[in-house]
Amino acid sequence: MPVKEIRTKKKSVKEKPRRKSRLKGFLVKLVLFVAVLAAGLYFLVGSVYSKLNYNEIESLTSEPLHEEGVINILLIGSDSRDGSADGRSDAMILLSVSSKTKRIYMTSLLRDMYVDIPGHDGNRLNAAYSFGGAELLMETVEQNLDITVNRYMVVNFEAFANLVDAVGGVDLELTSEEIELVNGYLNEYNELTGQEFGTNYMDTSKEGMVHLNGPQALAYTRNRYIGTDFGRTERQRKVLTGVFEGLPKALVTNPTELFDGLMPNLTTNLTQGECYVLSLVAPMILSYDMEQGSIPMEGTYRDANIRGMAVLEVDWEANREHLHRMLFEALGEENENQQ
């Protein structure tokens with residue numbers, strides 16, 4: 001009996017190192033697998049990144065990508081007709097990702113807001129881009145809204161249309177009047193792209209929920225005749241929301257068209273390393289709820305005429321408070337404030 005007990009103890013002593021060895025082996029394999037996966041993703045990001053136009057802004061190179069858990073990227077739609085990032089800022093949308101609220105916000109910044117532009121007289125917001133490009137526009141947004149914005153993306157007409165096509169188009173509800181205006185704006189697009197008159201025309205008798213391809217969606221967002229500029233920016237956000245919804249599927253089923261159609265027509269100061277970081281957290285971000293709105297908020301502006309310019313005179317304090325509360329208050333804090 002004593003002999004048997006001694007043998008049992010010896011056996012258990014031998015098994016402990018084996019278990020530790022197996023655990024170490026598993027951990028080593030796991031680390032190697034993660035390293036290979038990360039390396040592969042970095043290579044993929046680098047391959048895609050090489051297709052876009054990187055524009056370094058030295059004054060912002062050392063600035064962090066996020067502030068207090070919020071990433072702000074200014075999306076600028078350029079009205080360039082020649083495939084470049086030059087031109088006027090036809091659309092300005094602040095894309096904010098908040099890890100505090102677990103939400104993505106698309107906030108349209110109306111171009112006719114009267115703002116203080118650093119180094120210049122007061123003017124409309126979109127004048128800042130004409131005076132000093134994306135750098136001055138971001139500085140102007142920062143100064144007037146008291147929020148950190150040091151990353152941007154500029155897309156031109158061609159990129160926007162290609163992006164919508166790459167995700168398979170978008171489904172939106174249009175009136176017959178909106179469809180007629182889409183056809184009108186398509187005339188210029190067809191001329192610029194060398195297509196025949198009437199290409200991509202929509203049937204005006206089929207109002208309601210309709211499917212729009214890239215050129216049609218672009219024409220829809222450019223409509224300035226229904227709902228003033230507030231209506232136009234709302235249409236831009238509707239199309240972008242449809243694009244975001246179709247993006248995950250397009251990344252799997254149609255990555256070549258997506259990257260080849262968008263990247264050469266996109267200019268940004270996001271570095272390759274920052275794009276890699278964003279790709280790592282993309283699965284989590286895509287699970288966030290999306291909200292949209294515009295600045296100025298309703299009831300916080302008035303129509304004015306300054307130096308012969310028809311502008312929106314804005315209550316900046318009210319809009320700053322709204323933006324900060326929306327982006328930086330955690331959901332728990334928000335609920336407490338409502339009680």
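# Reading contacts and elements in a predicted model

User: How should I read relative accessibility, and does glutamate 291 count as buried, partly exposed or exposed?

Analyst: Glutamate 291 has a relative accessibility of 31% and therefore counts as partly exposed. The reasoning needs two cut-offs: buried means under 20%, and exposed means over 50%. Please bear in mind that the model is predicted.

User: With which residue does arginine 103 form a salt bridge?

Analyst: The general idea is to look for a side-chain nitrogen of Lys or Arg within 4 Å of a carboxyl oxygen of Asp or Glu. Arginine 103 forms its salt bridge with glutamate 291, and the closest N and O atoms are 3.1 Å apart. Arginine 103 belongs to strand β5 (residues 103-109) and glutamate 291 to strand β12 (residues 289-295), so the bridge ties together parts 188 residues apart in sequence. Arginine 103 itself is buried, at a relative accessible area of 17%.

User: How many salt bridges does a search of the whole structure find?

Analyst: The search finds eight salt bridges. One of them joins the side chains of aspartate 112 and arginine 124, at 3.5 Å from N to O. Aspartate 112 sits in the loop between β5 and β6 (114-115), and arginine 124 in strand β7 (residues 123-124), so this pair ties together parts that are twelve residues apart in sequence. Aspartate 112 is partly exposed, with a relative accessible area of 24%; arginine 124 is partly exposed, also with a value of 24%.

User: How should I read a salt bridge within a helix, and where do aspartate 229 and arginine 232 lie?

Analyst: An α-helix has 3.6 residues a turn, so residues three or four places apart point the same way. Aspartate 229 and arginine 232 are three residues apart in helix α6 (residues 228-253), which means that about one helical turn separates them. Their side chains meet in a salt bridge of 2.7 Å, N to O. Aspartate 229 is buried, with a relative accessibility of 11%, and arginine 232 is buried as well, at 1%.

User: What can be read from the ends and the covering of helix α3?

Analyst: Begin with the covering: helix α3 (residues 157-166) is mostly covered, with seven of its ten residues buried. Among these are Phe157, Phe160, Leu163 and Val164. Next, consider the ends. Asparagine 156 caps the N-terminal end of α3, with a side-chain oxygen 3.2 Å from the backbone nitrogen of glutamate 158. After α3 comes glycine 168, which has a positive phi, near 90°.

User: How many aromatic pairs does the count give?

Analyst: The count comes to three aromatic pairs. In the pair of tyrosine 49 and tyrosine 54, the ring centres lie 6.3 Å apart and the planes stand at 45°, so the pair is tilted. Tyrosine 49 is buried, with a relative accessible area of 11%, whereas tyrosine 54 is partly exposed, at 38%.

User: Finally, how should a strand pair be read, and in which sense do β13 and β14 pair?

Analyst: In a regular strand, side chains alternate between the two faces of the sheet. Strand β13 (residues 301-306) pairs with strand β14 (residues 309-314) in the antiparallel sense, over six bridges. Across this pair, arginine 302 stands opposite glutamate 313 in β14. The two strands, β13 and β14, form a hairpin with two residues between them, and arginine 307 in the turn has a positive phi of about 50°.

Notes. Residues are numbered from 1 along each chain as its sequence is written. This is a predicted model: local features need pLDDT of at least 70, side-chain atom pairs count only at pLDDT 80 or more; totals for chains, interfaces and linings use all residues. Side-chain values use heavy atoms; hydrogens and water are left out. Buried means under 20% relative accessible area, exposed over 50%, partly exposed in between (1.4 Å probe, protein chains only). Helices (H or I, at least four residues) and strands (E, at least two) are DSSP runs, numbered from the N terminus. A polar contact is a pair of N or O atoms within 3.5 Å; within protein, one must be able to donate a hydrogen and the other to accept it, and residues adjacent in sequence count only if both atoms are side-chain atoms. Rings of Phe, Tyr and Trp (its six-membered ring) pair if their centres lie within 6.5 Å; planes under 30 degrees apart count as stacked, over 60 as edge-to-face and the rest as tilted. Two strands pair if DSSP finds at least two bridges between them.
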